[in-house]
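Subject: Structure for your files

Hello,

Here is the structure I said I would pass on. Please look it over before reading the notes below it.

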Amino acid sequence: MKKITIGEAARRSGVKVPTVRYYESIGLLAAPSRSEGNQRSFEPTDINRLAFIRHARELGFEIEAIRTLLTLQDDPHQSCASADAIAKARLIEVEQRIRSLMALKAELETMVEGCGHGRVDQCRVIEVLADHGQCTHPHH
């Protein structure tokens, strides 16, 4: 079976070459075998692992959570309770972020709706940004 170069591994998995090297350096991806010319040679399982990591990152999972998920994936006969807990924690984070973004959206809508389209010295947007106390929602 033909070995896969780092460029091809990156292309197939949707991960950039420097990111492949980074994942290898932090241990998310095992160091691949090397050719006689010292070039990395990847296996199809490495491509699958890289795609898994990329997808998990797209969903916002932190590196340590991904490390745990990969460990679980490597031992498929164990309970999936840990994976469920990691996903539930991420869901809670997303729900909190959505609430925060909805509050931000409402604040911006109020600011824009209050704009009289006059001069800057009467601009509600500038006024609210200059005085955080005028915000209707607390921000962190």
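What follows is a summary of what was found, going from the whole chain to single residues.

The model is predicted, not experimental.

Overall make-up

The chain has 140 residues, of which 25% are buried. Its secondary structure consists of six helices and two strands, and from the N terminus the order of elements is α-α-β-β-α-α-α-α. Among contacts with a separation of 6 or more, 46% are between residues 24 or more positions apart. The exposed area of the chain is about 9800 Å², with 56% of it supplied by carbon and sulfur atoms.

Helix H3

Helix H3 covers residues 44-58. For its 15 residues, 1.5 Å a residue gives an expected span of 21 Å, and the end C-alpha atoms are 21 Å apart, so the two values agree. Asp46, Ile47, Arg49, Leu50, Ile53 and Ala56 are the buried residues of H3. These buried residues pack against three other helices: H1 (6-13), H2 and H4 (63-74). Just after H3 comes Gly60, with a positive phi of about 90 degrees.

H3 also holds a salt bridge between Glu58 and Arg54, whose closest N and O atoms are 3.0 Å apart. The two are separated by about one helical turn, because they are four residues apart in the helix. Glu58 is exposed at 54% relative accessible area, while Arg54 is partly exposed at 27%.

Other salt bridges

Side chains of opposite charge can pair when their charged atoms come close. The count for this model is nine salt bridges. Two more of them are described here.

In helix H5, Glu93 bridges to Arg90 with closest N and O atoms 2.9 Å apart. Glu93 and Arg90 are three residues apart in that helix, about one turn. Both are partly exposed, Glu93 with a relative accessible area of 40% and Arg90 with 21%. Elsewhere, salt bridges with shared partners join Glu8, Arg11 and Arg12 into one network.

Within that network, the closest N and O atoms of Glu8 and Arg12 are 2.9 Å apart. Glu8 and Arg12 lie four residues apart in helix H1, so about one helical turn separates them. Glu8 is partly exposed, at 24% relative accessible area, and Arg12 is likewise partly exposed, at 47%.

Helix H2

How many aromatic pairs does the count come to? The count is one aromatic pair. Tyr22 and Tyr23 form a tilted aromatic pair, 5.9 Å centre to centre with 50 degrees between the planes. Tyr22 is partly exposed, with a relative accessible area of 43%, whereas Tyr23 is buried at 6%, which is under the 20% cut-off.

Pro18 is in helix H2, which runs over residues 17-25. Pro18 is exposed, with 56% relative accessible area. Between Pro18 and Ile6 there are 9.6 Å in space, C-alpha to C-alpha, and the two are 12 residues apart in sequence.

Surface patch

Leu101, Leu104 and Leu108 make a nonpolar surface patch of about 240 Å². Leu101 is found in helix H5, residues 81-113. At 39% relative accessible area Leu101 is partly exposed, and this value is over the 30% required of a patch residue, so Leu101 passes that cut-off.

Regards

Notes. Residues numbered from 1 in each chain as written. Predicted model: local features only at pLDDT ≥ 70, side-chain atom pairs only at ≥ 80, totals over all residues. Heavy atoms only, no water. Patch = residues over 30% accessible without salt bridge, like charges linked within 9 Å, V, L, I, M, F, W, Y side chains within 5 Å. Areas by Shrake-Rupley, 256 points an atom, 1.4 Å probe, with all protein chains shown as cover. Salt bridge = Lys/Arg side-chain N within 4 Å of Asp/Glu carboxyl O. Buried < 20%, exposed > 50% of the residue type's maximum accessible area, 1.4 Å probe, protein only. Expected span 1.5 Å × (residues − 1). Contact = heavy atoms within 4.5 Å. Phe/Tyr/Trp six-rings, centres within 6.5 Å; stacked < 30°, edge-to-face > 60°.
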